[in-house]
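Work through the following exercises with the structure open beside you. Each task is followed by a solution that proceeds step by step.

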Amino acid sequence: MPSATRTRPAHAHPGLLLLVFTGGVAGTLLRSALATAVSGHRFPLATYVTNVTGAFLLGALLEVLLRRGPDAGSHRAARLCVGAGLLGAFTTYSTLAVETDLLVRGGAVGLATAYALGSALAGLVAAALGTGAARAVLR
Amino acid sequence: MTVALGLAGGVGAVCRVVVDGLLTGRRPWVFPFPTLLVNVAGSLLLGLLTGLVLFQGAPDVWRAVLGTGFCGGFTTFSTASVASVRLAEEGAPVLAALNALGTLALTLLAAAAGLALAAL
């Protein structure tokens with residue numbers, strides 16, 4: 001049976017894009033639900049928790065997939081659906097940026113700084129922890 | 001509206017993957033420029049949408065569907081964070097820091113620009 005000499009890139013693969021779309025819808029709805037559930041704080045807690053959790057999970061997911069084999073077939077599908085799609089849509093940089101700017105506009109510069117830098121730092125730590133956790137489990 | 005919001009988010013995610021794919025070509029970037037571009041563009045757009053709603057009385061559904069939905073799905077914090085960690089692990093801590101702080105700084109600026117544009 002002939003096989004493709006070159007794998008079609010994901011962005012030109014309708015089936016894979018559909019997986020991205022599906023994951024993206026799910027991630028967006030989860031983010032929205034969390035935002036509704038965790039509201040009413042001056043600190044944008046919902047976005048913060050969403051972003052940090054998503055960073056942790058993506059670190060773990062990508063490490064698991066990396067360990068399991070090359071980025072092809074079901075691995076690539078999982079990466080695109082759950083990684084790029086779900087977790088990519090679950091987390092958001094735009095909301096973080098606008099929320100920070102609005103805090104600054106409202107005069108809460110200290111809170112804005114804590115939120116922005118805190119998010120970036122927590123995101124790095126979470127992504128590292130997620131990666132490390134996956135490694136520890138798969139050892 | 002929740003349905004529209006969710007669908008818009010799915011479209012945003014697909015757009016992100018397509019942009020990334022188009023900008024990546026054969027060889028992956030060392031520095032995640034496509035993700036940075038997507039995050040900055042999405043932040044500019046969300047700033048504009050939010051400003052239009054807050055300052056110009058645009059319908060809030062714009063912010064929900066196009067903002068929380070599309071821009072939220074389009075931009076990604078997780079990918080940017082993991083990319084920074086990977087860069088650090090691969091022995092490029094300066095690039096890692098540049099990605100982390102640079103993304104933050106540029107998205108904040110872009111969102112501010114969007115808000116300012118809407119206030120005009």
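Helices here are DSSP runs of H or I with at least four residues, numbered from the N terminus. A residue belongs to the lining of a cavity when it has an atom within 4 Å of one of the cavity's grid points. The model is a predicted one.

**Exercise 1. Describe the overall make-up of chain B.**

Solution. Begin with the secondary structure: chain B contains 5 helices and 0 strands, and its pattern along the sequence reads α-α-α-α-α. Next, take the extent of the C-alpha trace, which along its principal axes spans about 50 × 30 × 20 Å. Then consider burial, where 51% of the 120 residues in chain B count as buried. Finally, turn to the contacts between residues at least 6 apart in sequence, of which 72% join residues at least 24 apart.

**Exercise 2. Locate the largest cavity and determine which elements and residue classes line it.**

Solution. The first step is to count: the structure has 1 cavity of 30 Å³ or more, and the largest cavity encloses about 60 Å³ of space. The second step is to list the lining, which consists of Y93(A), A120(A), L124(A), F77(B), A80(B), S81(B), S84(B), N99(B), A100(B) and T103(B). The third step is to assign these residues to elements; at least two lining residues each come from α5 of chain A and from α4 and α5 (93-119) of chain B, and the largest share, 4 residues, is supplied by α4(B). The last step is to sort the lining by class, which gives 6 nonpolar residues, 4 polar residues and no charged ones.

**Exercise 3. Classify the aromatic pairs and decide which of the two examined here joins two chains.**

Solution. Over all chains the count comes to 6 aromatic pairs. One of them is formed by F43(A) and Y115(A), whose rings lie 5.3 Å apart centre to centre with 80 degrees between the planes, an edge-to-face arrangement. This pair links distant parts of the chain, since F43(A) sits in the loop between α1 (14-37) and α2 (45-68) of chain A while Y115(A) sits in helix α5 (residues 109-138), 72 residues apart. The two partners can then be judged by relative accessibility: F43(A), at 23%, counts as partly exposed, whereas Y115(A), at 0%, is buried.

For the other pair, the ring centres of Y93(A) and F77(B) are 5.5 Å apart and their planes meet at 40 degrees, so the pair is tilted. Because Y93(A) belongs to helix α4 (residues 93-105) of chain A and F77(B) to helix α4 (residues 77-89) of chain B, this pair joins two chains. Both Y93(A) and F77(B) are buried. To complete the picture, ring pairs also link F43(A), Y48(A) and Y115(A) into a cluster.

**Exercise 4. Which residues have the most contacts inside the largest nonpolar core, and which elements build that core?**

Solution. The largest nonpolar core comprises 35 residues, and within it L58(A), Y93(A), L96(A) and L104(B) have the most contacts. At least two residues each are supplied by α2, α4 and α5 of chain A and by α2, α3 (60-74), α4 and α5 of chain B, with α5(A) giving the most, 7 residues. As an example of the surroundings, L96(A) is in contact with T47(A), N51(A), Y115(A), A116(A), S119(A), F77(B) and L104(B), once neighbours within four places in sequence are left aside. A second, separate core has 11 residues, including A77(A), A89(A), A13(B) and V14(B).

**Exercise 5. Are F31(B) and R86(B) buried or exposed, and what does each touch?**

Solution. Start with position: F31(B) lies in the loop between α1 (2-24) and α2 (33-56) of chain B, while R86(B) lies in helix α4 of chain B. Apply the cut-off for burial, which is under 20% relative accessible area. At 11%, F31(B) is therefore buried, and R86(B), at 19%, is also counted as buried. Then read the contacts beyond four places in sequence: F31(B) touches L36(B), L95(B), L98(B) and N99(B), whereas R86(B) touches G59(A), L62(A), E63(A) and T131(A). As a last step, compare sequence with space for F31(B) and S84(B), which are 53 residues apart in sequence and 8.9 Å apart from C-alpha to C-alpha.

Terms used. Residues numbered from 1 in each chain as written. Chains lettered and ligands numbered in written order. Predicted model: local features only at pLDDT ≥ 70, side-chain atom pairs only at ≥ 80, totals over all residues. Heavy atoms only, no water. Buried < 20%, exposed > 50% of the residue type's maximum accessible area, 1.4 Å probe, protein only. Contact = heavy atoms within 4.5 Å. Phe/Tyr/Trp six-rings, centres within 6.5 Å; stacked < 30°, edge-to-face > 60°. 1 Å grid on protein atoms, 1.4 Å probe; cavity = no way out; pocket = protein on both sides within 12 Å on 5 of 7 lines; lining within 4 Å. Points joined across faces, edges and corners; volume = space filled by probe spheres on them. Nonpolar A, V, L, I, M, F, W, Y, C, P; charged D, E, K, R; others polar. Core = buried A, V, L, I, M, F, W, Y, C linked by side-chain atoms within 4.5 Å.
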